[in-house]
Amino acid sequence: QVHLVESGGGLVQAGGSLRLSCRTSTRTYNMARMAWFRQAPGKEREFVAAIRWTDDLTLYTDSVKGRFTISGDNAKNTVSLQMNSLKPEDTAIYYCATGATSSWERAASYDYWGQGTQVTVSS
């Protein structure tokens, strides 16, 4: 059974940084891609970033380009999200997910999800 565990969330002032980590219990053929989504109060789940294990191909939503960086560590079965220049609108619960289907930005393309970690950015 696949389990994903996120960590690294917290409270930070606008302009600050946080680094989120996600550890997966196993690696299988249907875990070709790992992603971060976020969900703010009263809003729907939003795609943030994704990475493909085989070649480190990445994709970011426009609102985080130049500020967030996703990376993977094959030896530790972990993926990280470095978040710099944080803004209050980045406040949300951040979820790690994994899957192998074609639509990188759709939540339905991912098979397994972590429990989420809270990121709060104050102004």
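Here are four short exercises, each with a worked solution, on the predicted model shown above.

**Exercise 1. Find the disulfide and describe where its two ends sit.**

Solution. Start with the count: the structure holds one disulfide. Its partners are Cys 22 and Cys 96, with an S to S distance of 2.1 Å. That distance lies within the 2.5 Å cut-off, so the pair qualifies. Next, place the two ends: Cys 22 belongs to strand β3 (residues 18-24) and Cys 96 to strand β9 (residues 92-99). The link thus ties together distant parts of the chain, 74 residues apart. Now look at the torsion: it is -80 degrees about the S-S bond, a left-handed link. Finally, check the surroundings: both Cys 22 and Cys 96 are buried.

**Exercise 2. Decide whether Thr 78 and Thr 61 are buried or exposed, and list their contacts beyond four places in sequence.**

Solution. Take Thr 78, which lies in strand β8 (residues 78-83). Its relative accessibility is 15%, and because buried means under 20%, Thr 78 counts as buried. Beyond its sequence neighbours within four places, Thr 78 is in contact with Cys 22, Arg 23, Trp 53, Ser 71, Gly 72 and Asp 73. Cys 22 in that list is one end of the disulfide from Exercise 1.

Then turn to Thr 61, found in the loop between β6 (58-60) and β7. With 16% relative accessibility, Thr 61 is under the 20% cut-off and therefore buried too. Leaving aside neighbours within four places, its contacts are Phe 47 and Val 48.

**Exercise 3. Which residues of the largest nonpolar core touch the most other members, and which strands supply the core?**

Solution. The core has 27 residues, and those touching the most other members are Trp 36, Leu 81, Met 83 and Tyr 94. Strands supplying at least two residues each are β3, β4 (33-39), β5 (46-52), β7 (68-73), β8, β9 and β11 (117-122). Apart from this core lies another, of seven residues, including Ala 50, Ala 97, Trp 104 and Tyr 110. To follow one hub, take Tyr 94: outside its neighbours within four places, its contacts include Trp 36, Leu 81 and Met 83, along with Glu 6 and Arg 38. As background, nonpolar side chains in soluble globular proteins tend to be buried together.

**Exercise 4. What is the volume of the largest pocket, and how does its lining divide by residue class?**

Solution. The volume is about 170 Å³. Among the lining residues are Arg 38, Lys 43, Glu 46, Ser 63, Asp 90 and Ala 92. Sorting the whole lining gives two nonpolar, two polar and eight charged residues.

Note on methods:
Residues are numbered from 1 along each chain as its sequence is written. This is a predicted model: local features need pLDDT of at least 70, side-chain atom pairs count only at pLDDT 80 or more; totals for chains, interfaces and linings use all residues. Side-chain values use heavy atoms; hydrogens and water are left out. Buried means under 20% relative accessible area, exposed over 50%, partly exposed in between (1.4 Å probe, protein chains only). On a 1 Å grid over the protein atoms alone, a cavity is a set of points where a 1.4 Å probe fits but cannot get out, and a pocket is an open set with protein on both sides within 12 Å along at least five of seven lines; lining residues have an atom within 4 Å of a point. Grid points are joined across faces, edges and corners, and a volume is the space filled by probe spheres set on the points. Ala, Val, Leu, Ile, Met, Phe, Trp, Tyr, Cys and Pro count as nonpolar, Asp, Glu, Lys and Arg as charged, and the others, Gly among them, as polar. Contact means heavy atoms within 4.5 Å. A nonpolar core is a set of buried Ala, Val, Leu, Ile, Met, Phe, Trp, Tyr and Cys residues joined through side-chain atoms within 4.5 Å.
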